[in-house]
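User: Could you take me through how the helices pack in this protein? I have the structure open and would like to follow along.

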Amino acid sequence: MNIVKNRNIFFTLSILFIVVGIFMAAFKGLNYGIDFTGGTLIQIDLEKKVPTEDIRKITNEFDKNASIIHAGENKNQVIIKSSLNLNDKQTKEIFNKFKEKYNLKATEADKAESLGSAIGSEIQRNALIAVIAASIGILLYVTFRFEFKFGLSAVISLIHDALFMFSFYSIFRLQIDSTFIAAILTIIGYSINDTIVIFDRIRENSKNTKKENYEELINNSIKQTLRRTMATSFTTLISIMLLYIIGVEAIKGFALPLVVGIIIGTYSSIFIASPIWYILKTRTNSNKNLKQA
């Protein structure tokens, strides 16, 4: 496949998906979790592992959108996160429902607290600072190791990954919480690793290329690294998918954005990053030729 020649197809697909995601976020809003909206957290020791479906039969009476997470060494505890601001009477009523159904010895929940939306604002601000700092660090590192155009291409590719993830969660109405932010930062690190491998091969091959045939240079470099890229991504994906399938709810919340992010990161390192470098490189050379003429 001539990836560089067909670059506009990949750019168009990504832009369309991102625009649809932003459009839906603007008109329908995002499905924020309790970490962003504030609400109530209740932790109860059920003294045995209880299926999520059975727990929901009780929590649905109060909040059908509440998050259910198992905790504790033997998964005997349950953490209920509701976006509703429940008062002491309501939280006590929820606990009593569990106490009555499962004949609990405890007289009150292990934890019952309200979370303010200010925490969500702080998480968003810190995440934004972390992404900007990571992008600047990557730009400086890749510029030092390779050249500025490689660094700029890598940062644009990472922004593409972050926006693609945002759109995916917006379109499919998945819940955005603190684990999503952690996964975004993890994916940025994973994606840049794949991108640098391809950039490194482009740099090596460029030493043996007499003519400035960047299209052939990039396509050959991607083909030479494709097996390594796919093998790394596939094995990583398998392990993360196993965590999602057999893991507890808390792990699933972190594993899902990783699964999506690995697919997006692999896609962007092959179909987005290198074609962007091609555009930057060829435009610079065209401008030089025009000045010399």
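**Helix packing and domains**

Analyst: This is a predicted model. The axes of H7 and helix H8 (residues 214-246) cross at roughly 150 degrees and come within 9 Å. An angle over 145 degrees counts as roughly antiparallel, so H7 is roughly antiparallel to H8.

User: Which hand does the crossing of H7 and H8 have?

Analyst: H7 passes H8 in a right-handed crossing.

User: Which residues make that contact?

Analyst: From H7, the contact is made by Tyr190, Asn193, Asp194, Val197, Ile198, Arg201, Ile202, Asn205 and Ser206. H8 contributes Leu217, Ile218, Ser221, Ile222, Gln224, Thr225, Arg228, Thr229, Thr232, Ser233 and Thr236.

User: And how do they divide by class?

Analyst: The contact of H7 with H8 has 10 polar, seven nonpolar and three charged residues.

User: What about H6 and H7, at what angle do they cross?

Analyst: The axes of H6 and helix H7 (residues 178-206) cross at roughly 145 degrees and come within 10 Å. Their crossing is right-handed. On the H6 side, the contact residues include Phe150, Ser153, Asp161, Phe166 and Tyr169; on the H7 side, they include Phe180, Ile184, Ile188, Thr195 and Ile202.

User: What classes of residue are in the contact of H6 with H7?

Analyst: The residues of that contact divide into 13 nonpolar, four polar and one charged.

User: Moving to the N-terminal end, how does H1 pack with H6?

Analyst: Helix H1 (residues 7-28) packs with helix H6 (residues 148-171) at an angle of about 50 degrees, and their axes are 8 Å apart. H1 and H6 are therefore oblique to each other. H1 passes H6 in a left-handed crossing. Among the residues in contact are Phe17, Ile18, Gly21 and Met24 of H1 and His160, Leu163, Phe164 and Phe168 of H6.

User: How many charged residues are there in the contact of H1 with H6?

Analyst: That contact has no charged residues; it has 11 nonpolar and five polar ones.

User: Different topic: which residues does UniProt list as "transmembrane region"?

Analyst: The unreviewed UniProt entry lists residues 9-27, 127-144, 151-172, 178-199, 230-248 and 254-280 under that name.

User: How much helix is there in 178-199 and in 254-280?

Analyst: Residues 178-199 are 100% helix and 0% strand, with their end C-alpha atoms 32 Å apart. Residues 254-280 are 96% helix and 0% strand, and their end C-alpha atoms lie 35 Å apart.

User: Lastly, what are the domains, and how far apart do their centres lie?

Analyst: The protein is divided into domain 1 (4-32 + 118-291) and domain 2 (39-115). The C-alpha centres of domain 1 and domain 2 lie 39 Å apart.

Terms used. Residues are numbered from 1 along each chain as its sequence is written. This is a predicted model: local features need pLDDT of at least 70, side-chain atom pairs count only at pLDDT 80 or more; totals for chains, interfaces and linings use all residues. Side-chain values use heavy atoms; hydrogens and water are left out. Domain bounds come from an automatic or database domain assignment. Axes are lines fitted to C-alpha atoms, for helices over the stretch in contact, and angles run from 0 to 180 degrees between N-to-C directions. Helices (H or I, at least four residues) and strands (E, at least two) are DSSP runs, numbered from the N terminus. Angles under 35 degrees count as roughly parallel, over 145 as roughly antiparallel, 65 to 115 as roughly perpendicular and the rest as oblique. A crossing is left-handed if the near helix is turned anticlockwise from the far one by less than a right angle, and right-handed if clockwise. Contact means heavy atoms within 4.5 Å. Ala, Val, Leu, Ile, Met, Phe, Trp, Tyr, Cys and Pro count as nonpolar, Asp, Glu, Lys and Arg as charged, and the others, Gly among them, as polar. UniProt positions are given in the numbering used here, feature names are shortened, and annotations may be inferred rather than shown by experiment.
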